[in-house]
Amino acid sequence: MENKNNAASELDRVADAIEKLTTSEWNRLHKAARSFLFGTGFSDVDELVNETFCRALTGTRNWRVDVPFITFIINAMKSVADGDRKLIYKDEEVLATDLPNNDPDSDCDPLERFGNKALSPETIIATEIDRTLAEEDLKIIEKHFKNDEAVEWVLIGIEDEMSASEIIEMSGLTKTQYESARKKFLRGLDKLFPGRRPK
Amino acid sequence: MSGIKRTAADKFRALRNAVSDEILSMTDEDILVDARNNGLDPDDIALTMKSKAMDMIANIRKQKLKSIRENLNAAQPKLVKPIATLSLEEKKKKILEFFAK
């Protein structure tokens with residue numbers, strides 16, 4: 001009963017925070033959603049935002065009291081965009097116990113015993129689709145900034161998780177040039193994936 | 001520098017982290033100007049998103065209520081409606097007795 005009460009109060013708490021979002025916070029959320037669409041199977045902003053709100057409202061994602069709601073929801077949306085399915089797939093291994101039952105007397109369907117959800121054909125196909133989308137979107141980003149050398153450095157640096165000082169040292173950019181290119185790149189990504197992805 | 005061959009998914013995760021930090025660091029004014037520069041109306045964005053979110057909240061609340069009702073119905077024994085067994089005369093007598101007290 002206590003859990004049900006907690007779930008109800010969590011729903012009220014998140015709903016209340018959503019209702020109190022300001023115009024600039026809604027726009028911040030919209031920009032984040034537009035920017036996070038790349039490399040995902042989400043077709044538009046609404047789909048990604050709805051999925052994130054739904055997880056927060058139903059308690060699948062917990063909002064810690066000490067975190068501002070907008071920070072929590074943008075980080076939650078980032079995790080949703082990163083996708084659980086790929087992580088499950090990467091973490092699983094085929095174990096000896098996953099092998100089909102070879103006992104001819106058994107009336108158990110071997111396919112029922114083989115593998116698990118993460119290794120099911122549906123999941124593998126979906127993961128392959130995600131991977132293809134990710135690779136295609138990466139090409140779109142690289143192509144868009146092809147002739148901007150400073151942005152290219154920033155892109156390479158972020159992808160390889162280099163620090164700002166490492167990128168500056170390697171590229172020969174000044175700190176101002178680096179900051180300017182970084183802003184241009186990170187704030188401009190949302191323009192690359194504005195519409196519904198053709199299915 | 002990691003030096004490890006990174007997949008597209010790894011690169012996206014790093015990109016999303018950087019984008020998220022950048023968007024959270026923008027001022028309210030930056031955000032509104034950015035929306036206008038992208039040809040968007042910030043008020044319209046806010047109204048539309050809020051309206052959709054409120055619909056979703058209402059639906060989730062309805063589903064929760066429905067689920068609570070179903071659980072209650074399943075848990076409680078069916079209440080049997082009292083059958084009127086008293087005749088009209090008996091009822092009148094009861095009322096008289098009640099006021100006579």
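This report describes the predicted model of two chains, A and B, their contact and their nonpolar core.

**Chain A**

Chain A is built from 10 helices and 0 strands. Read from the N terminus on, its elements follow the order α-α-α-α-α-α-α-α-α-α. The chain has 199 residues, of which 26% count as buried. If one takes the contacts in chain A between residues at least 6 apart in sequence, 66% of them join residues at least 24 apart.

**Chain B**

Chain B is divided into two domains, domain 1 (7-40) and domain 2 (44-76). A distance of 31 Å separates the C-alpha centres of domain 1 of chain B and domain 2 of chain B.

Helix α4 of chain B covers residues 88-100. How far apart should its ends be? At 1.5 Å a residue, the 13 residues of this helix should span 18 Å, and the end C-alpha atoms are indeed 18 Å apart, so the two values agree. Of the 13 residues of α4(B), 0 are buried, and therefore the helix lies largely in the open.

**The contact between the chains**

Chain A gives 44 residues to the contact, and chain B gives 34 residues. On the side of chain B that touches chain A, the elements that give two or more residues are α1 (8-25), α2 (28-37) and α3 (42-75) of chain B. The largest share of this side, 14 residues, comes from α1(B). The table sorts the residues on this side of chain B by class.

| Class on the side of chain B that touches chain A | Number |
|---|---|
| Nonpolar | 21 residues |
| Polar | 3 residues |
| Charged | 10 residues |

**The nonpolar core**

In soluble globular proteins, nonpolar side chains tend to be buried together. In this model, the largest nonpolar core has 46 residues. Which residues have the most contacts inside this core? They are Leu29(A), Ala33(A), Leu48(A), Met77(A) and Val154(A). Helix α3 of chain A (residues 45-57) provides the largest share of the core, with 6 residues. Chain B takes part as well: domain 1 (7-40) and domain 2 (44-76) of chain B both give residues to this core, so it lies between them.

Val154(A) may be followed further. Leaving aside residues up to four places away in sequence, Val154(A) touches Ile167(A), Ala181(A), Arg182(A) and Phe185(A).

Notes: Residues numbered from 1 in each chain as written. Chains lettered and ligands numbered in written order. Predicted model: local features only at pLDDT ≥ 70, side-chain atom pairs only at ≥ 80, totals over all residues. Helix = DSSP H or I, 4+ residues; strand = E, 2+ residues; numbered from the N terminus. Expected span 1.5 Å × (residues − 1). Buried ≥ 20, exposed ≤ 12 C-beta atoms within 10 Å, placed from the backbone. Domains from an automatic or database assignment. Core = buried A, V, L, I, M, F, W, Y, C linked by C-beta atoms within 7 Å. Contact = placed C-beta atoms within 7 Å. Nonpolar A, V, L, I, M, F, W, Y, C, P; charged D, E, K, R; others polar.
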